[in-house]
Amino acid sequence: MNRETPPSAPTLLDADTADWSQPQWDAHWMARALALAETAASLGEVPVGAVVVQDNVLLGEGFNQPILSHDPSAHAEVVALRAAAEKLNNYRLPNATLYVTLEPCAMCAGAMVHGRVSRLVYAAFEPKAGVAHSQEAFFERSYLNHRVAVENGVGAAAASQLLSRFFQQRREQKKSDKQKLIENFDAEE
Ligand SMILES: [Zn+2]
């Protein structure tokens, strides 16, 4: 699995961050997750990016890459969680915040509970498969032995735009591929 930092990921700002408020940090880390999502899009993967942060220090990051890595579990969140756990040498990530550009699916939500992530911040809603709010409130289930605090909305417009642009381009590509197929067929006759 590719865990290398993609070239387009921004580095920490040079500005003095000592007096940053939590919303400023949230915007900063979500911007980094969005850059990772763009990397996914440029590789033909559905654009989702995630970072795991502890005390506002980056632990791990990832972008959605199931096709490239031949791995159905290679969602951005799982890639970032794996990198973070490897960095800490610990399968649990106490006091960690996971930033992701899209509402997580059931698999990723479960992985966050297993990893004891403290806080989840996601950008856009995922009406079809999102389990933080859209399909259910997974993190509020009574049987869970760990609570993840959930927030959403930071960077939502940018994340949604990236996703709709990606799917629009993919539809257009399919249309033009179909057109080419028809033209080639006609030419052969
Ligand atoms: Zn997922």
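**Exercise 1. Is asparagine 89 exposed or buried, and why?**

Work from this predicted model, where local features need pLDDT of at least 70, side-chain atom pairs count only at pLDDT 80 or more, and totals for chains, interfaces and linings use all residues. Residues are numbered from 1 along each chain as its sequence is written.

*Solution.*
- Step 1: recall the cut-offs. A residue is buried if 20 or more other C-beta atoms lie within 10 Å of its own, exposed if 12 or fewer, and partly exposed in between; C-beta atoms are placed from the backbone.
- Step 2: apply them. Asparagine 89 is exposed because it has 6 C-beta neighbours inside 10 Å.
- Step 3: locate the residue. Asparagine 89 sits in the loop between α2 (76-88) and β3 (96-102). Helices (H or I, at least four residues) and strands (E, at least two) are DSSP runs, numbered from the N terminus.
- Step 4: check the backbone. Asparagine 89 is not a glycine, yet its phi is positive, about 55°.

**Exercise 2. Repeat the steps for arginine 116.**

*Solution.*
- Step 1: arginine 116 counts as partly exposed because it has 17 C-beta neighbours inside 10 Å.
- Step 2: arginine 116 belongs to the loop between α3 (106-114) and β4 (119-124).
- Step 3: arginine 116 is not a glycine either, and its phi is positive, about 60°.

**Exercise 3. Describe the whole chain.**

*Solution.*
- Step 1: count the elements. The protein has 4 helices and 5 strands.
- Step 2: read their order. The pattern along the sequence is α-β-β-α-β-α-β-β-α.
- Step 3: take the extent. The C-alpha trace spans about 65 × 45 × 30 Å along its principal axes.
- Step 4: look at burial. Of the 189 residues, 39% count as buried.
- Step 5: check the confidence. pLDDT is the predictor's confidence in each residue, from 0 to 100. The average is 92, and 91% of the residues score at least 70. Over residues 1-11 the pLDDT is below 50. Where pLDDT is low, the predicted coordinates should not be read in detail.

**Exercise 4. Which residues have the most contacts inside the largest nonpolar core?**

*Solution.*
- Step 1: define the core. A nonpolar core is a set of buried Ala, Val, Leu, Ile, Met, Phe, Trp, Tyr and Cys residues joined through C-beta atoms within 7 Å.
- Step 2: name the residues. The largest core has 50 residues, and Ala33, Ala37, Val52, Ala80, Leu98 and Tyr99 have the most contacts inside it.
- Step 3: find the contributors. At least two core residues come from each of α1 (22-42), β1 (49-54), β2 (57-63), α2, β3, α3, β4 and α4 (156-188). The largest share, 8 residues, comes from α1.
- Step 4: follow one member. Two residues are in contact if their C-beta atoms, placed from the backbone, lie within 7 Å. Leaving aside neighbours within four places in sequence, alanine 80 touches Ala50, Val51, Val52, Gly60, Glu61, Gly62 and Leu98.

**Exercise 5. How do α1 and α4 pack?**

*Solution.*
- Step 1: read the geometry. The angle between α1 and α4 is about 5°, and their axes are 11 Å apart. Axes are lines fitted to C-alpha atoms, for helices over the stretch in contact, and angles run from 0 to 180 degrees between N-to-C directions.
- Step 2: classify the pair. Angles under 35 degrees count as roughly parallel, over 145 as roughly antiparallel, 65 to 115 as roughly perpendicular and the rest as oblique. Therefore α1 is roughly parallel to α4.
- Step 3: list the partners. Leu34, Ala37, Glu38 and Ala41 of α1 meet Ala158, Ala159, Leu162 and Phe166 of α4.

**Exercise 6. Place the positions listed by UniProt.**

*Solution.*
- Step 1: read the record. An unreviewed UniProt entry lists Glu77 under "active site". Under "binding site" it lists His75, Cys105 and Cys108. Such annotations may be inferred rather than shown by experiment.
- Step 2: check the spread. The three binding-site residues cluster in space although spread over 34 residues of sequence; their largest C-alpha distance is 9.2 Å.
- Step 3: place Glu77. Glutamate 77 is in helix α2. It is buried because it has 31 C-beta neighbours inside 10 Å.
- Step 4: place the cysteines. Cysteine 105 lies in the loop between β3 and α3, and cysteine 108 lies in helix α3. Cysteine 105 is buried, with 21 C-beta neighbours inside 10 Å. Cysteine 108 is buried too, with 27.
- Step 5: join them up. Beyond four places in sequence, cysteine 108 contacts His75, Glu77 and Val78. Under the same condition, the contacts of cysteine 105 are His75, Ala129, Gly130 and Val131.
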